[in-house]
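The following exercises concern contacts between chains and between domains. Please study the sequence and the structure before reading each solution.

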Amino acid sequence: MSKYLHERRNSSIAVGSAGQVAVRDLVKRYADVVAVNGVSLDVRGGEFLALLGPSGSGKTTILMNIAGFDFPDSGRIEISGRDVTWMSPDKRDLGMVFQRYTLFPHMSVLDNIAFPLRMRKVGRAEREKRARAALQTVRLDGYGDRRPAQLSGGQQQRVALARAIVYNPQVLLMDEPLSALDKNLREEMQIEIKHLQRKLGVTVIFVTHDQTEALTMADRVAVLNLGALQQIGAPKDLYEAPATEFVAGFIGESNFWPGIATSDAAANEQLAVQLEGGEIAQACAATPLRKGTQVRLAVRPERVRLGPAAAGGVGGTVEEAIYAGSVTTLMLRTKGPILRARLSAGDETAEPRPGADLSLTWRPQDARAYPTS
Amino acid sequence: MRRRRTSSGIMTVSAVAYAVTVFLLLPTILIIPMSFGPDRYLHFPPNGFTLHWYAEFFADPEWVDSTLFSLRIAVLTMIVATVVGTLVSLALVRGRLPGKSLFELLVVGPVIVPNIALAIAMFLVFDRLRLTGTTVGFVVAHTALALPFVIFTLLASLYRFDADLERAALSCGAGPLRAFFHVTLPLIAPGVVSAALFAFIISFDEPVISFFISDLDHKSLPRKMFEDIDYNISPTLAAVATMLTGLTLLALTAGHFLRRGMSRS
Amino acid sequence: MTKRPTSFTLGGRTYSPAASLLLATPFILVMILAFLLPLFTLLHESLSVPKFNLDNYARVFDQEVYLRVMLRTLRISALVTIAALLLGYPLAWLIARSRGLLLGLLLIAVLLPLWTSVLVRTYAWLVLLQRNGVVNQILTALGLVDAPVQFLYTEGAVVLAMSHVLLPFMVLPLYAALRGIPDDYMRAAQVLGAGGFAAFRHVVLPLTLPGVASGCLMVFLLALGFFVTPALVGGPQQMMLATLVQQQVTELLDWPFSGAIIGVLLAFVLCLVLIFNRLIRLDRFVGQV
């Protein structure tokens, strides 16, 4: 569905660059802290890109530079093929939704939504018509005459969304727009925003520190840490093949086991790793590795397979079994670190009893070896 | 036992506090009934009721002229100080002002420097610049005096104001000027009104600088009052004092309700 | 690449240095004309007329008359500060405890005098304290005195009237400091065994010391240079610094010497302010109306 719309949109616009956003070698320092250290990104027209990272990763700084609320020390920002690096925010024709609702408290809901049209000198009647349409899009028809303070948090954020899309900007920026909402409302809004984005075909750049949010909403996710781009890719690629140890730890959960590469290996090539504790395990090199390199092996808990003791693989003893309904997490003592393994309900391959000795195996492609920096 | 001692302690302190409130208000309040007394010497309680002293005030061109002069200066000071103060407050809060700490020092300057020092210094310079007794001289002097209060009031509102609202306006396509007039100004309006009222009262009641930069033909109301208090304590002064107290009360309540009305809408 | 913008377009939060300076220009002009230039001229005069030396300053300290005025100014200012603190603390405490209508009324009781003309309030004291004033009328009527008492032009009258006029400047910082203390602190202290007064002495008082210092400094500074009230209530008998300067200027036209007195006053005030730099909190006087 999304792909279909995507193609249709691209084919209908002659200038292929509409809605594209490019960040080129962006560097931004605050005092002596480097907030963004040479990040480049290419966002396609109509794409939903999430900027994901912990606080201090530089994701908000990148967004502020795209929006024009901040200016880079070096590097360039392009929107729809135009260099906007030094352009003031009001001339960039962006829509923006902020973390807090930032509705103008002295205007009615409808006046808030009509504000961008008013700034663009749209006539009163046309303004009201389009504002009402936008209000309908976010399913708040009938709320136009209220004051923002009379709405709930979720409603306010929907109004903010309507205000951002009312003049059909090609690019919509969102700065953690759902973080002020409670969990249920947040999940509802995630779906709603995603639907809206597909319907409008607008490019969305969405800053979040919530990986679930990023994975469920985005076409692609850019993971940032300490001002550097770690990996950009589809949610599945990020989860299945994290490019760096940071991504492996940040997206989902991973067990990390130190070891040494026993042979040279190209990227994605299989190799044997001598684990801390002496055992040997098969793994897949995340980057080209040389024999003898210190590595860390990352294995997802749900990819750890459990078998009877002495059935090959590495040995482990169940320390604790934590039952949580749909899954049970096992804490396993090994010759190396404590490993976590996850069993789905109904999975009866092993008896998760504390004290039981098991053998632990995984497919080589499920264990990625990262060189220790 | 301890409990009873505590509460009696609280009652004693409360009683002292109420006594202090009375001390604070009583002298000014006593003047009010006395201004309606018929005697040449103010008497409490008054021996009758007359509006004679109020009539005297409005019949005396010197009183009326000085009042009008002070009103004109106060209104002009209010406008100038509010505009100048708003601009510099914006620069201090939103701007990247070179030498910001020097500015902050300059802002508190007129409060730290005793008024008598400023008054003498202005008298010297204004005399040489032929500014004594002029509207321009008074307005500039009173603006300098009112600015610290205006600026601190505005800084408080600007710091309370969510800067993201301005960003939101910019992202909606409003230029910085339109963002200011459509979003920032309406939302800090209560602070601006307070600041303007402060500036008005400070100028209208200002006695020290007015004392020195007035001339024989152009006296501010406080200067005229000072002379009259010094030479003859006539009951007309009681009438003036009563009207001034009423005006202050009016300005404070008007400001209060104006701001409440504005922050509600 | 287009040029980095230099005017108001630099983001929602930050105006560029050039735009900021432009916004500050009217302020700078006013301050030059009505603050920096006058003070500089006066101080320059005091140092350079008739010759460039410190003679004018030496005169301030040479003559006993002037020394006596300065000492009286310091003494009265100190007494006024102490009186304002003793009167102001209970009132600030009561306001901080009050809620609703009472809070509003008490705040008005402090703010109305603050914004009422100093001349009106000084005049009220003259009406009360003069020979045939209200206080003497009452005393005579009650038979407490045979002849009217001379209150005016005494140091006591000056201290009384000035304490009254400056009291709001003490109450507001104290109130701000007291309001900042959560009720829980007092309750916690009491739960831990401190009686009412002990809880106050060990918990509330230390927490309000910055407010106490701020109020005292404010009142003391204002008292040092106070003109209207001492001039009218104290008369020539209780001459303070400001009246002395006024006399030197309006009667003797002695600018250089007046400049020197002002210079001494300013140096003293600046020292105080530098020592207590952090305590000057103007926002306390304008924030809560």
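**Exercise 1.** Determine how many residues chain C and chain B each give to their contact, and which helix of chain C gives the most.

*Solution.* Step 1: two residues are in contact if their C-beta atoms, placed from the backbone, lie within 7 Å. On this criterion, 79 residues of chain C meet 88 residues of chain B. Step 2: helix α1 (residues 17-48) of chain C gives the most to the side touching chain B, namely 18 residues. Helices here are DSSP runs (H or I, at least four residues), numbered from the N terminus. Step 3: by class, this side of chain C holds 60 nonpolar, 16 polar and three charged residues. Nonpolar means Ala, Val, Leu, Ile, Met, Phe, Trp, Tyr, Cys and Pro; charged means Asp, Glu, Lys and Arg; the others, Gly among them, are polar.

The model is predicted: local features need pLDDT of at least 70 and side-chain atom pairs pLDDT 80 or more, whereas totals for chains, interfaces and linings use all residues. Residues are numbered from 1 along each chain as its sequence is written, and chains are lettered from A and ligands numbered from 1 in the order in which they are written.

**Exercise 2.** Describe the side of chain B that touches chain A.

*Solution.* Step 1: 16 residues of chain B are in contact with 17 residues of chain A. Step 2: α7 (163-171) and α8 (176-205) of chain B are the elements giving two or more residues to this side. The largest share, six residues, comes from α7(B). Step 3: the classes are eight nonpolar, four polar and four charged residues.
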